[in-house]
Amino acid sequence: MTNPYPHLLAPLDLGFTQLRNRVLMGSMHIGLEDSPKNVGKLAEFYAERARGGAGLIVTGGFGINRSGWLLPLAGKLSTAGEAQRHKPITQAVHDEGGKIAVQLLHAGRYSYHPLSVSASRTKSPITPFTARAMTGREIVRTIGDYANSAVRAARPATTASRSWARRAI
Ligand SMILES: Cc1cc2nc3c(=O)[nH]c(=O)nc-3n(C[C@H](O)[C@H](O)[C@H](O)COP(=O)(O)O)c2cc1C
């Protein structure tokens, strides 16, 4: 029988980085993201997947701001401290020869809290809350919050400011 996936285990050059193969672990939020106490466990969880051979791991979703977090006190990556706390996770995967991408998430109407916001006033089928429609300014601020988190994720050691991130979009 011929191998239907001849390139699966071949390296992939993405230009800015190289993957050792094309096996991608999809994003699965497992709850350890939501407490700084669990950073070590989360690092070990992903390191084990990298040891197993995954070329690229995508983390479970990390929030970009409070209104968009999945639930109150859910994991977020929008401050210098939060980016710094994330570093051991990235390092643990790199130490095993893998690569890891953080998923930045605004949960919109799926935010499980009464202050949830979305592009329009709408209720998700799986939460009891109806999201409030964001104003145009709030939408622009949300785009800026994505940029802020992306800058912090890419350069966790810097103290990128929100205003810098807004100028970048
Ligand atoms: C426990 C669990 C947590 C998940 N968390 C996320 C998440 O944080 N972000 C995301 O984009 N998808 C998340 N997903 C969706 C998965 O990435 C995947 O798309 C989904 O499970 C469909 O794939 P499957 O049919 O192979 O299960 C999650 C799925 C599961 C089962």
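Four short exercises follow, each with a worked solution.

The model is predicted: local features need pLDDT of at least 70, side-chain atom pairs count only at pLDDT 80 or more, and totals for chains, interfaces and linings use all residues. Residues are numbered from 1 along each chain as its sequence is written, and side-chain values use heavy atoms, with hydrogens and water left out.

**Exercise 1. The parallel sheet**

Task: work out which strands form the open sheet with parallel pairing, and which strands stand at its edges.

Solution.
- Start with the rules. Helices (H or I, at least four residues) and strands (E, at least two) are DSSP runs, numbered from the N terminus. Two strands pair if DSSP finds at least two bridges between them.
- Read the order. Three strands make up this open sheet, as E3-E4-E5, and the pairing is parallel.
- Find the edges. E3 (24–25) and E5 (99–105) each have a single partner strand, so one side of each is left without a neighbour in the sheet.
- Count the bridges. E4 and E5 pair over six bridges. Glycine 61, for one, stands opposite glutamine 103 in E5.
- Add the helices. H2 lies across E4 and E5, at about 145° to E5. Helix H3 (residues 136–154) also lies across E4 and E5, at about 160° to E5. Axes are lines fitted to C-alpha atoms, for helices over the stretch in contact, and angles run from 0 to 180 degrees between N-to-C directions.

**Exercise 2. The nonpolar core**

Task: find which residues of the largest nonpolar core touch the most other members.

Solution.
- Define the core. It is a set of buried Ala, Val, Leu, Ile, Met, Phe, Trp, Tyr and Cys residues joined through side-chain atoms within 4.5 Å. Buried means under 20% relative accessible area, exposed over 50%, partly exposed in between (1.4 Å probe, protein chains only).
- Name the residues. The core has 17 residues, and Leu42, Tyr46, Ile57, Ile89, Val93 and Ile100 touch the most other members.
- Trace the sources. Helix H1 (39–51), strand E4 (56–63) and helix H2 (80–95) each supply at least two core residues. H1 gives the most, with seven residues.
- Take one member. Contact means heavy atoms within 4.5 Å. Leaving out residues up to four places away in sequence, valine 93 touches Tyr46, Ala47, Ala50, Ile57, Gly98, Lys99 and Ile100.

**Exercise 3. The ligand**

Task: list the residues that surround the ligand, then find polar contacts to its atoms.

Solution.
- List the neighbours. Ser27, Met28, His29, Gly60, Gly61 and Gln103 surround the ligand. A residue is near a molecule if one of its heavy atoms lies within 4 Å of it.
- Set the polar limit. A polar contact is a pair of N or O atoms within 3.5 Å; within protein, one must be able to donate a hydrogen and the other to accept it, and residues adjacent in sequence count only if both atoms are side-chain atoms.
- Check the oxygen contacts. A backbone N or O atom of serine 27 lies 2.5 Å from a ligand oxygen atom. A polar backbone atom of glycine 61 is 3.1 Å from an oxygen atom of the ligand.
- Check the nitrogen. A polar side-chain atom of glutamine 103 lies 2.7 Å from a ligand nitrogen atom.

**Exercise 4. Serine 124**

Task: decide whether serine 124 is buried or exposed.

Solution.
- Place the residue. Serine 124 lies in the loop between E7 and E8.
- Apply the cut-off. Its relative accessibility is 1%, so serine 124 counts as buried.
- Follow the side chain of serine 124. It reaches the backbone nitrogen of isoleucine 126 at 3.1 Å, and one of its polar atoms lies 3.0 Å from the backbone nitrogen of threonine 127.
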